[in-house]
Amino acid sequence: SKAKGIGEITFGLKEIGFQATKATEREVVLRVLSETNWNKKEAARRLHICYKTLLNKLKKWQVRPTISA
């Protein structure tokens with residue numbers, strides 16, 4: 001049996017956990033990028049992931065640094 005979601009959409013516990021993990025991963029990556037002033041090499045080192053993996057995540061999420069005035 002699946003838990004009821006919004007309206008007629010149903011979400012299983014596994015899917016809810018998967019989505020929460022993805023959201024948390026994105027938040028952590030963006031926080032580390034902010035802390036390193038978008039130094040991707042340093043961010044990848046701090047996250048213990050390879051640089052190319054970080055680039056792939058950013059491309060997948062369509063994330064770019066924001067330009068502050």
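**Group meeting: a three-helix chain and its salt-bridge network**

Good morning. The accessible surface of this protein chain amounts to about 6,000 Å², and 55% of that area belongs to carbon and sulfur atoms. I should say at once that we are looking at a predicted model.

Let me begin with the overall layout. The chain has 69 residues, of which 19% count as buried. It contains 3 helices and 2 strands. Read from the N terminus, the order of the elements is β-β-α-α-α. As for contacts between residues at least 6 apart in sequence, 29% of them join residues at least 24 apart.

I turn now to helix H1, which covers residues 13-35. Does its length agree with its number of residues, or disagree, and what is the span? What should the 23 residues of H1 span at 1.5 Å a residue? The expected value is 33 Å, and the C-alpha atoms at the two ends are 33 Å apart, so the two agree.

Leu13 belongs to this helix. Is Leu13 buried or exposed? Its relative accessibility is 75%, and Leu13 therefore counts as exposed, the cut-off being over 50%. Together with Phe11 and Ile16, Leu13 forms a nonpolar patch on the surface, and the three residues share about 310 Å² of accessible area.

Further along H1 we find its buried residues, namely Val29, Val32 and Leu33. What covers them? The cover includes helix H2, residues 40-47, and helix H3, residues 51-61.

This brings us to the interior. The largest nonpolar core has 10 residues in all: Val29, Val32, Leu33, Ala43, Ala44, Leu47, Leu54, Leu58, Trp61 and Val63. Each of H1, H2 and H3 supplies at least two residues of this core. Leu47 is one of the core residues. With neighbours within four places in sequence left aside, Leu47 is in contact with Val28, Val29, Val32 and Leu54.

Next, the loop between H1 and H2, where Thr36 is found. Is Thr36 buried or exposed? Thr36 has a relative accessibility of 9%, and because the cut-off for burial is under 20%, Thr36 counts as buried. Beyond its neighbours within four places in sequence, Thr36 is in contact with Glu42, Ala43 and Arg46. Also just after H1, Asn37 adopts a positive phi of about 50°.

Two of the residues that Thr36 touches, Glu42 and Arg46, lead to my last topic, the charged side chains. How many salt bridges does the structure hold? There are 4. Which residues are linked in a network of salt bridges? They are Glu35, Glu42, Arg45 and Arg46.

I shall take the pairs in turn. Glu35 forms a salt bridge with Arg46, and their closest N and O atoms are 3.9 Å apart. Glu35 lies in helix H1 whereas Arg46 lies in helix H2, so this pair ties together parts that are 11 residues apart in sequence. Both partners are partly exposed: Glu35 has a relative accessible area of 48%, and Arg46 has one of 40%.

Arg46 also forms a salt bridge with Glu42, with 2.9 Å between the closest N and O atoms. Why are Arg46 and Glu42 separated by about one helical turn? The reason is that they are 4 residues apart in helix H2.

Glu42 in turn meets Arg45 in a salt bridge, at 2.6 Å from N to O. These two residues both lie in helix H2 as well, 3 residues apart, which is about one turn of the helix. Arg45 counts as exposed, at 54% relative accessibility, while Glu42, at 21%, counts as partly exposed.

To close, I would put two points side by side. In the interior, H1, H2 and H3 each supply at least two residues of the largest nonpolar core. Among the charged side chains, Glu35 of H1 pairs with Arg46 of H2, and both residues belong to a network of salt bridges that also links Glu42 and Arg45. Thank you.

Technical notes. Residues are numbered from 1 along each chain as its sequence is written. This is a predicted model: local features need pLDDT of at least 70, side-chain atom pairs count only at pLDDT 80 or more; totals for chains, interfaces and linings use all residues. Side-chain values use heavy atoms; hydrogens and water are left out. Patches are made of residues with over 30% relative accessible area and no salt bridge: like charges are joined within 9 Å, nonpolar side chains (Val, Leu, Ile, Met, Phe, Trp, Tyr) within 5 Å. Accessible areas come from the Shrake-Rupley method with a 1.4 Å probe; for residues, only the protein chains shown count as cover. Buried means under 20% relative accessible area, exposed over 50%, partly exposed in between (1.4 Å probe, protein chains only). The expected span of a helix is 1.5 Å times one less than its number of residues. Contact means heavy atoms within 4.5 Å. A nonpolar core is a set of buried Ala, Val, Leu, Ile, Met, Phe, Trp, Tyr and Cys residues joined through side-chain atoms within 4.5 Å.
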